[in-house]
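Colleague: I should be grateful for guidance on how to read the structure shown below. May we proceed one feature at a time?

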Amino acid sequence: MAVFLLQRLGTLLATLLAASLVVFGVLEVLPGNAAQVLLGPDAAPEAVVELTRQLGLDQPAWRRYLQWIAGLLQGDMGTSHAYGAPVAGLIAERMALTLPLALMAMALTTLLALAAGVYAAAHHNRPGDLATMALAQVGIAIPNFWFAILLILLFSVKLQWFAAGGFPGWSAEHGGGVLPALRALLLPAVALAVVQGAILARITRSAVLDVLREDFVRTARAKGLSRRAALWGHVLRNAMIPVVTVMGLQFANLLAGTIVVENVFYLPGLGRLIFQSIANRDLVVVRNCVMLLAAMVVLVNFVVDLLYALIDPRVQARGT
């Protein structure tokens, strides 16, 4: 297990290094000047040059990259050009909304997908299976931002059960609190979960059907084990490896999807911060936000690899 863990840690660090090079390089080739954006189109050229120097944008790219990496290793993400505040503080403030939203959406995705996928596999080629897969196909075809708008029209405008947007905060001091905050995140989480849940349900169904055809399942049934007990006690665990793989990838999709959904519901999360920073040409914030999302994706994949080893010990033996 120690060798397996060291191999995965090495892969994680190498992936993070490659991701940092890609993120920095892509943002460097984008057109525009942060100093010009901050000062406005009518600013004097001398003022633009001076602000460019103050922001350190006149230095070579390789030097700014090394300074950025050195700052990250020390926990310093720099200062936002547009907000004039530490980037780490801005991200921490926005992650207090985005991370719970992504986790809530992932929980809804998992519950929806496992229930639908196992049900469809247990009723293979019967009306329940066909109806479930038809609904899943519809869910896959729906863009999450369009579904978010439909949820607002139905539950906020028509039924008036939820607010159309905004976030009251986690603190009860200003009219917020845990329950009002979770209530405000419910519709965005559903908008994110439906599409991902539809994909995962189809994967779960296929994986469960493959395991149901294995000899050990027939042996367990021949020994008197009920179909329900065999399905939930033996089949599902052996079908979880492809499901866990997709779940890891879906968490990355959920984080990316928050950028659009947060803007639809006007939520002050990380996605809205990225959107506003791109508009302001605040590349310091954009760079660190994108790198954070990339690091979270890599970390999730690392956790998925560890779950492989726990679900199926043969993964450790193969060292893959």
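Modeller: Let us begin with a term: a helix here is a DSSP run of at least four residues, and helices are numbered from the N terminus. T110, for instance, has its place in helix α5. Please bear in mind that this is a predicted model.

Colleague: How many helices and how many strands does the protein chain have?

Modeller: The protein chain has 14 helices and zero strands. Read from the N terminus, its order of elements is accordingly α-α-α-α-α-α-α-α-α-α-α-α-α-α.

Colleague: What share of the residues of the protein chain counts as buried?

Modeller: A residue is called buried under 20% relative accessible area and exposed over 50%. By that rule, 41% of the 320 residues in the protein chain are buried. The chain exposes about 16,800 Å², and 68% of this area is supplied by carbon and sulfur atoms.

Colleague: Why does T110 count as buried?

Modeller: T110 has a relative accessibility of 17%, and because buried means under 20%, it falls in that class. Setting aside residues up to four places away in sequence, T110 touches L200 and M247.

Colleague: Is T109 buried or exposed?

Modeller: T109 counts as buried because its relative accessibility is 0%. This residue, too, is placed in helix α5, which spans residues 87-122. Beyond residues up to four places away in sequence, T109 touches A193, Q196, G197, L200 and Q250.

Colleague: Which backbone oxygen does the side chain of T109 reach?

Modeller: The side chain of T109 reaches the backbone oxygen of A105, at 2.7 Å.

Colleague: How should one read contacts between residues that are distant along the chain?

Modeller: One considers contacts between residues at least 6 apart in sequence; in the protein chain, 73% of these join residues at least 24 apart. A239 offers a case to examine: its C-alpha atom is separated by 5.4 Å from that of V208, although the two residues are 31 apart along the chain. A239 lies in the loop between α10 (227-238) and α11 (240-264). Apart from neighbours within four places in sequence, A239 is in contact with A207, V208 and V211. A239 counts as buried, because its relative accessibility is 2%.

Colleague: Which residues in loops have a positive phi although they are not glycine?

Modeller: N125 is one of them, with a phi of about 65°. Q160 also has a positive phi, of about 60°. N125 is found in the loop between α5 and α6 (127-141), and Q160 in the loop between α7 (144-158) and α8 (178-212). N125 is exposed, since its relative accessible area is 56%; Q160 is exposed because its value is 63%.

Colleague: What can be said of helix α12 and the residue R281?

Modeller: Helix α12 covers residues 270-279, and L270, G271, R272, L273, I274 and S277 are buried in it. R281 follows α12 and has a positive phi, near 60°.

Colleague: How many residues line the second largest pocket?

Modeller: Its lining has 14 residues, of which L16, I69, L72, L73 and M291 lie nearest the centre. The elements that give two or more residues to this lining are α1 (2-28), α4 (61-73) and α13 (283-311). By class, the lining residues are ten nonpolar, three polar and one charged. The space in the second largest pocket is about 330 Å³.

Methods:
Residues are numbered from 1 along each chain as its sequence is written. This is a predicted model: local features need pLDDT of at least 70, side-chain atom pairs count only at pLDDT 80 or more; totals for chains, interfaces and linings use all residues. Side-chain values use heavy atoms; hydrogens and water are left out. On a 1 Å grid over the protein atoms alone, a cavity is a set of points where a 1.4 Å probe fits but cannot get out, and a pocket is an open set with protein on both sides within 12 Å along at least five of seven lines; lining residues have an atom within 4 Å of a point. Grid points are joined across faces, edges and corners, and a volume is the space filled by probe spheres set on the points. Ala, Val, Leu, Ile, Met, Phe, Trp, Tyr, Cys and Pro count as nonpolar, Asp, Glu, Lys and Arg as charged, and the others, Gly among them, as polar. Buried means under 20% relative accessible area, exposed over 50%, partly exposed in between (1.4 Å probe, protein chains only). A polar contact is a pair of N or O atoms within 3.5 Å; within protein, one must be able to donate a hydrogen and the other to accept it, and residues adjacent in sequence count only if both atoms are side-chain atoms. Contact means heavy atoms within 4.5 Å. Accessible areas come from the Shrake-Rupley method with a 1.4 Å probe; for residues, only the protein chains shown count as cover.
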